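Biologist: I would like a close look at one part of this protein. Please take me through it step by step, then set it in its surroundings.

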Amino acid sequence: MGTAFVAAVAQNRSKRRDSALHQQKNRASLRKAIEYFAAVTFACSITYAAFIFHFTLSAVCCIYLLMVVLAALHWGILEATAASLAAFIFLDYFFMEPLFSLQVDGAENWIALGAFEFVGLVVSTLSARLRQQVRIATQERNNVTRLYELSRCVLLLNRRDPPGRQIAHFLQRA
């Protein structure tokens, strides 16, 4: 009976762990979907404001580029790609001749799409590198802090007790 109980407890733990991983994946997927939606909604808002206030083509392009940069910095390359594609479609439909059509026959349309994608790629790559460097620097700072605390504890060892046990105790705490 004891082994059956242990097996049941282990199986229950495994199910809970699998359930937690499944929930975590669902949350990550939902978060990504919200980020895509936010990027496209941001492009829609910019388009609406620019169309209502009759912005020039160059002003709209600059605003869209800024939007792609912000999406790349904040979310990453995939969300920046969604924002740049939305910007490209809205730019072509609302601001380039012929208006209210999705004809992509001019070179300026393809140049705009290429510029949006290039900016998104470069900015997201640079921001990913920066985030990685921040993670590494934080980890190194934490390691140096732990090493400093351990060295202080070693200096304060009780000379009457054996040092091996004291150092092992300090390492467990650190």
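By what distance along helix 3, in helical turns, are Phe90 and Phe94 separated, and why?

Modeller: Phe90 and Phe94 are four residues apart in helix 3, so about one helical turn separates them. Keep in mind that this is a predicted model.

Start with the two rings. Phe90 and Phe94 form an aromatic pair. Their centres are 6.4 Å apart, and the planes make an angle of 50°. That geometry counts as tilted. The two residues differ in exposure. Phe90 has a relative accessible area of 17%, so it is buried, the limit being under 20%. Phe94, at 23%, is partly exposed.

The pair has company. The structure holds ten aromatic pairs. Ring pairs join Phe90 and Phe94 with Phe51, Tyr93, Phe95 and Phe100 in a cluster.

Phe100 deserves its own look. This residue sits in the loop between helix 3, residues 77-94, and helix 4. Its relative accessible area is 45%, so Phe100 is partly exposed. Leaving aside residues up to four places away in sequence, Phe100 touches Phe51, Tyr93 and Phe94. Phe100 and Phe90 are ten residues apart in sequence. In space, their C-alpha atoms are 9.4 Å apart.

Now follow helix 3 to its partner. Helix 2 covers residues 57-74. The axes of helix 2 and helix 3 come within 8 Å and cross at roughly 165°. Angles over 145 degrees count as roughly antiparallel, so helix 2 is roughly antiparallel to helix 3. The crossing is right-handed.

Phe90 belongs to this contact as well. On the helix 3 side it is joined by Glu79, Ala80, Ala83, Ser84, Ala87 and Leu91. Helix 2 contributes Leu57, Val60, Cys61, Tyr64, Met67, Val68, Ala71 and Ala72. By type, the residues of this contact are 13 nonpolar, one polar and one charged.

Glu79 is a member of the contact and lies in helix 3. This glutamate counts as buried because its relative accessible area is 1%. Which residues does Glu79 touch, not counting those up to four places away in sequence? They are Lys32, Glu35, Tyr36, Ala39 and Ala71. Ala71 is also on the helix 2 side of the contact with helix 3.

Next, the other helix pair. Helix 4 runs over residues 107-155, and helix 5 over residues 163-173. Their axes come within 10 Å and cross at roughly 155°. That angle makes helix 4 roughly antiparallel to helix 5. The crossing is right-handed. Leu150, Cys153 and Val154 make the contact from helix 4. Phe170, Leu171 and Arg173 make it from helix 5. These residues divide into five nonpolar, no polar and one charged.

Finally, the whole chain. The protein has five helices and zero strands. From the N terminus, the order of elements is α-α-α-α-α. Of its 174 residues, 24% count as buried. Phe90 and Glu79 are buried. Contacts between residues at least 6 apart in sequence can also be split by separation. Of these, 60% join residues at least 24 apart.

Technical notes: Residues are numbered from 1 along each chain as its sequence is written. This is a predicted model: local features need pLDDT of at least 70, side-chain atom pairs count only at pLDDT 80 or more; totals for chains, interfaces and linings use all residues. Side-chain values use heavy atoms; hydrogens and water are left out. Axes are lines fitted to C-alpha atoms, for helices over the stretch in contact, and angles run from 0 to 180 degrees between N-to-C directions. Helices (H or I, at least four residues) and strands (E, at least two) are DSSP runs, numbered from the N terminus. Angles under 35 degrees count as roughly parallel, over 145 as roughly antiparallel, 65 to 115 as roughly perpendicular and the rest as oblique. A crossing is left-handed if the near helix is turned anticlockwise from the far one by less than a right angle, and right-handed if clockwise. Contact means heavy atoms within 4.5 Å. Ala, Val, Leu, Ile, Met, Phe, Trp, Tyr, Cys and Pro count as nonpolar, Asp, Glu, Lys and Arg as charged, and the others, Gly among them, as polar. Buried means under 20% relative accessible area, exposed over 50%, partly exposed in between (1.4 Å probe, protein chains only). Rings of Phe, Tyr and Trp (its six-membered ring) pair if their centres lie within 6.5 Å; planes under 30 degrees apart count as stacked, over 60 as edge-to-face and the rest as tilted.
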